[in-house]
Amino acid sequence: MARAARLTTWGVGLSVGLSLVCFALSVAVAPEGAVGVVLPGDVAGGVLALESGALASLGVIVLMLAPLARLVGVGVELKAEGRPRLAVGAALIVALLLFSLGRLLLLDELPPSAAAASTAPVESAR
Amino acid sequence: MGVASRRTSGGIAEDATLRAVEPSPPLLLACCTVCGVLAALLGLGGGLFVVPLLSLGFGVDMPAAIATSLVCCVATSGAGSVALDKARLADLRAVILVEVAASPVAVFATGLALLAPQALLRGCFAALVGFAAYRILVRELRAMKAPAEPTQWEEPEGEPDWPKNQGLGVFLGGLTGLCSALGIGGGPVKVPLLTEVMGVPIRVALASSNVMVGISTACAATVHYAGGSLRADLTAPCVVGMAAGAYVGGRLAPKVNARWLALAFVAVLVYMGGKMAWLALQG
């Protein structure tokens, strides 16, 4: 159980650390004006091209793994403590978070407010 | 969006009546670093700072400000829970009991909030800010009267007698999920729920609330991601600034008497809540 807790802490720490690196890179390459995030499917290409929106999107996706890792760890610990019903509760929240993240993969495009800006960064508002 | 909002040529909405300063990344980074320091000194997650900063200070529309704040809350909660893991204080049973209700409510309420008019969001935020100000004031006044807490936490021997009132805790936990729809982790609501309803000791409640905040805000943030209100140019500098500020604030916290800072923050919250309420009434 102690090993599971240690792994969870490492997972959460790694996720937060990597996301901060992505966000810092996104700030470093940010153009002037509003920039939207991109869909997970477009992240890889955007990151290779060092696009601010894609780097921030990667940061958000990696950051979302932190609560996921925490919940998996909590579920494992609760099961080991002999509390299967609470472990099922943890599994349900994991499923909800995975469903919310998975829904992003099914989207063809983001609503216009973000998608338009991610492909065409703009100058300040007129 | 109300009549005060407009769209840039990139299609991103901003509030024309409120906009005073261009939200450039270096400026956001600096402002959020200061907010992160203050949040860490006051024992808060940061949502109470980020939403008013972006909405009132930079004229960003409410959904984008809320989305940015949610991602900041996930980051500060994750970093905080790693630090708190050393003491392994969080009560996992309480976390799951509250979050099993709070997370679905957070997702549902955030979906509704994306469709809600800005005036309604501002009105709800003003009410929540008023409640948070009241809670902080009560906490500080109690701390002034009460004797100093022991610095070392002693884990109870045997099975702890908390969480109590589990059914009521789950029900009220669901209501705390509503905070995520307004871009706030909900610490000022979750901690009293844990201590006063579920009988969890304050130190355990603070650690548990930290873990809970990360879970419900992550669920809500994914809804904003899919809804297109997440902006890279706001999120990236705010998260980096808040994380850096929280680190500095965490180092400063043992050396600084934050009581007067907390009371000053209550005054700021009252002002921000009043301004939000005024804007909400104006539509």
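Two residues are in contact if their C-beta atoms, placed from the backbone, lie within 7 Å. The exercises below use this rule on a predicted model.

**Exercise 1. Which residues does A:Ala56 touch, leaving out those up to four places away in sequence, and is A:Ala56 buried or exposed?**

Solution.
- Step 1: place the residue. A:Ala56 sits in helix α3 of chain A.
- Step 2: list its contacts within chain A. They include A:Cys22, A:Phe23, A:Ser26 and A:Val37.
- Step 3: list its contacts in chain B. A:Ala56 also touches B:Ala232, B:Thr235 and B:Ala236.
- Step 4: count the surroundings. A residue is buried if 20 or more other C-beta atoms lie within 10 Å of its own. A:Ala56 has 34 such atoms, so the residue is buried.
- Step 5: compare sequence and space. A:Lys79 is 23 residues from A:Ala56 in sequence, and their C-alpha atoms are 35 Å apart.

**Exercise 2. Find how far α3(A) spans, and state whether this agrees with the span expected at 1.5 Å a residue.**

Solution.
- Step 1: work from the length. α3(A) has 29 residues, and the expected span is 1.5 Å times one less than the number of residues. This should give 42 Å.
- Step 2: compare with the model. The end C-alpha atoms of α3(A) are 43 Å apart, which agrees.
- Step 3: check the cover. Because 22 of its 29 residues are buried, α3(A) is largely enclosed by the rest of the structure.
- Step 4: look past the end of the helix. A:Gly82, just after α3(A), has a positive phi of about 80°.

**Exercise 3. Describe the side of chain A that touches chain B.**

Solution.
- Step 1: count the residues on each side. In chain A, 58 residues are in contact with 50 residues of chain B.
- Step 2: name the contributing helices. At least two residues each come from α1 (2-28), α3 (52-80), α4 (84-106) and α5 (112-119) of chain A.
- Step 3: pick out the main contributor. α3(A) gives the most, with 15 residues.
- Step 4: sort by type. This side of chain A holds 39 nonpolar, 15 polar and four charged residues.

**Exercise 4. Which residues touch the most other members of the largest nonpolar core, and which element supplies the largest share of this core?**

Solution.
- Step 1: name the residues. The core has 135 residues, and B:Val71, B:Ala75, B:Val129 and B:Val239 touch the most other members.
- Step 2: find the source. α8(B) gives the largest share, 15 residues.
- Step 3: examine that helix. α8(B) covers residues 202-227 and reaches 37 Å from first to last C-alpha, close to the expected 38 Å. Of its 26 residues, 23 are buried. B:Gly228 follows α8(B), with a positive phi near 80°.
- Step 4: follow one core residue. Outside its neighbours within four places in sequence, B:Val239 is in contact with A:Phe23, B:Val71, B:Cys72 and B:Ala75.
- Step 5: recall the general tendency. In soluble globular proteins, nonpolar side chains tend to be buried together.

**Exercise 5. Where do A:Leu50 and B:Asn165 lie, and how exposed are A:Leu50 and B:Asn165?**

Solution.
- Step 1: locate A:Leu50. This residue is in the loop between α2 (40-48) and α3 of chain A. Its phi is positive, near 55°, although the residue is not glycine.
- Step 2: classify A:Leu50. It has 12 other C-beta atoms within 10 Å, so it is exposed; the cut-off is 12 or fewer.
- Step 3: locate B:Asn165. This residue lies in the loop between α5 (118-145) and α6 (166-176) of chain B. Its phi is also positive, near 45°.
- Step 4: classify B:Asn165. With 15 C-beta neighbours inside 10 Å, this residue counts as partly exposed.

**Exercise 6. Summarise the make-up of each chain and the confidence in chain B.**

Solution.
- Step 1: chain A. It has five helices and zero strands, and 48% of its 126 residues are buried.
- Step 2: chain B. It has ten helices and two strands, and 58% of its 283 residues count as buried.
- Step 3: confidence. Chain B averages a pLDDT of 83, and 87% of the residues score at least 70. Among its elements, strand β1 (residues 5-7) has the lowest mean, 45, and helix α4 (residues 92-115) the highest, 94. Over residues 1-11 of chain B, pLDDT stays under 50.
- Step 4: overall scores. The model has ipTM 0.88 and pTM 0.87.

Conventions: Residues are numbered from 1 along each chain as its sequence is written. Chains are lettered from A and ligands numbered from 1 in the order in which they are written. Helices (H or I, at least four residues) and strands (E, at least two) are DSSP runs, numbered from the N terminus. Ala, Val, Leu, Ile, Met, Phe, Trp, Tyr, Cys and Pro count as nonpolar, Asp, Glu, Lys and Arg as charged, and the others, Gly among them, as polar. A nonpolar core is a set of buried Ala, Val, Leu, Ile, Met, Phe, Trp, Tyr and Cys residues joined through C-beta atoms within 7 Å. pLDDT is the predictor's confidence in each residue, from 0 to 100.
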